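Hi,

Here is the structure I promised to pass on. Have a look at it first, and then read on for what turned up.

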Amino acid sequence: MVSSLCALMKRLALVALVGVLTFGLSACSGSQAKPPSLSAEDIAVIERQAEGFLAARDRLPELATLVGDRDWTFTRNLLRGPMQEVGRQMSYINQRLLPADRPEAEKLAAQLKQSMAQLDEAARLQDGEQLRKSYIKVASGFGRYAQILPEQVQADLKQT
C-alpha cells in the first residue's frame, strides 16, 4: 500500500512538472523576439561614411577613362588621392553594421582594397592587361560593397 502510494505521488509530481513546463514554454513562445536593428546613431555614422564611399564610386567612369588611356600616372593619382579614404570608410561602416552582417562586409571590403592595390601596382608596372583586369575587379567590388549598405542608408542616400 505504501509503495503504491509512493508510485502515485511520483506520477502526480511528474504530471505537475509536465504541466508547469508546458505552460512555461507556451508563455515564452507567445512573444516574438524583436529582430536586431541599427540605432539612429549607427545609421547616421554609416550614412556619413557611405557618402564618401559613394563619392569615390562615382569616380569610376573617370578611372575607367584613365585605365583605357593607359594613363599610368593619373590612374595612380586618382587611387592615392580622392579614392584613398575608401578603406577607412568601409572600416567605419563595418563597425556599425549588425554583427550578423559584419563578416560578409569585412570580406567584401578586403577584396575591394586588394583589387585597388592590384590596380595601383599594375599602373606602377605599366602593365596594360593587368590594369584592365584589376579595374574590372575594382568596379565590381564597389558595386558589391554598396549592396551591403543597410536599406535605410541606401534609401536616404537615394541608392535604391
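Before anything else, one convention: a helix here is a DSSP run of H or I with at least four residues, and helices are numbered from the N terminus. Under that numbering, R132 and E129 are three residues apart in helix α7, so about one helical turn separates them. Their side chains meet in a salt bridge, at 2.5 Å from N to O. As for exposure, R132 is partly exposed at 40% relative accessibility, and E129 is partly exposed too, at 37%. Elsewhere, E41, D42 and R96 are joined into one network by salt bridges that share partners.

Now the overall picture. Please keep in mind that this is a predicted model. The average pLDDT of the protein is 87, and 77% of the residues score at least 70. Where is confidence lowest, and where is it highest? The low end is helix α1 (residues 2-29), with a mean of 58, while helix α6 (residues 102-125) is at the top with 98.

On the fold, the protein has eight helices and zero strands, so expect no sheet, given that strands would be DSSP runs of E. Buried residues account for 31% of the 160 residues. Taking contacts between residues at least 6 apart in sequence, 73% of them join residues at least 24 apart. The protein exposes about 10300 Å², and 58% of that is supplied by carbon and sulfur atoms.

Next, the core. The largest nonpolar core has 35 residues, and the ones with the most contacts inside it are F53, L63, M83 and F142. Which helices feed into it? At least two residues each come from α2 (40-57), α3, α4, α5 (86-96), α6 and α7. Helix α6 gives the largest share, eight residues. To get a feel for one of the well-connected residues, click on F53: leaving out residues up to four places away in sequence, F53 touches V86, Q89, M90, L112, F142, Y145 and A146. F142 is in that list and is also one of the residues with the most contacts inside the core.

Helix α4 is a nice one to rotate on screen. Its buried residues are W72, T75, L78 and L79. Looking down the axis of α4, these buried residues fall within an arc of 135°, so they line one face of the helix. Among the things covering them are α3 (60-68), α6 and α7 (128-147).

T75 deserves its own look. This residue sits in α4, which spans residues 72-80. Is T75 buried or exposed? T75 has a relative accessible area of 0%, and the cut-off for buried is under 20%, so T75 counts as buried. Setting aside neighbours within four places in sequence, T75 is in contact with L63, L66, V67, L119, A123 and L131. Of these, L63 is also among the residues with the most contacts inside the largest nonpolar core.

Two loop residues have backbone angles you may want to check. Most residues other than glycine have a negative phi. R70, however, has a positive phi of about 50° and is not a glycine. You will find R70 in the loop between α3 and α4, partly exposed with a relative accessible area of 45%. Q126 is the other one, with a positive phi near 55° in a residue other than glycine. Q126 is placed in the loop between α6 and α7.

Back to charges for a moment. How many salt bridges does the structure hold? The count is 10. Besides the R132 and E129 pair, here are two more:

- E85 and R88: their side chains meet at 2.5 Å, N to O. E85 is partly exposed at 30% relative accessibility, and R88 is partly exposed at 37%.
- E121 and R124: the closest N and O atoms are 2.6 Å apart. Both residues lie in helix α6, three residues apart, or about one turn of the helix. E121 is partly exposed at 32% relative accessibility, and so is R124 at 45%.

That's the tour. Shout if anything looks odd when you open the file.

Cheers

Conventions: Residues are numbered from 1 along each chain as its sequence is written. This is a predicted model: local features need pLDDT of at least 70, side-chain atom pairs count only at pLDDT 80 or more; totals for chains, interfaces and linings use all residues. Side-chain values use heavy atoms; hydrogens and water are left out. Buried means under 20% relative accessible area, exposed over 50%, partly exposed in between (1.4 Å probe, protein chains only). Contact means heavy atoms within 4.5 Å. pLDDT is the predictor's confidence in each residue, from 0 to 100. The arc is that of the directions from the helix axis to the C-beta atoms. A nonpolar core is a set of buried Ala, Val, Leu, Ile, Met, Phe, Trp, Tyr and Cys residues joined through side-chain atoms within 4.5 Å. A salt bridge is a side-chain nitrogen of Lys or Arg within 4 Å of a carboxyl oxygen of Asp or Glu. Accessible areas come from the Shrake-Rupley method with a 1.4 Å probe; for residues, only the protein chains shown count as cover.
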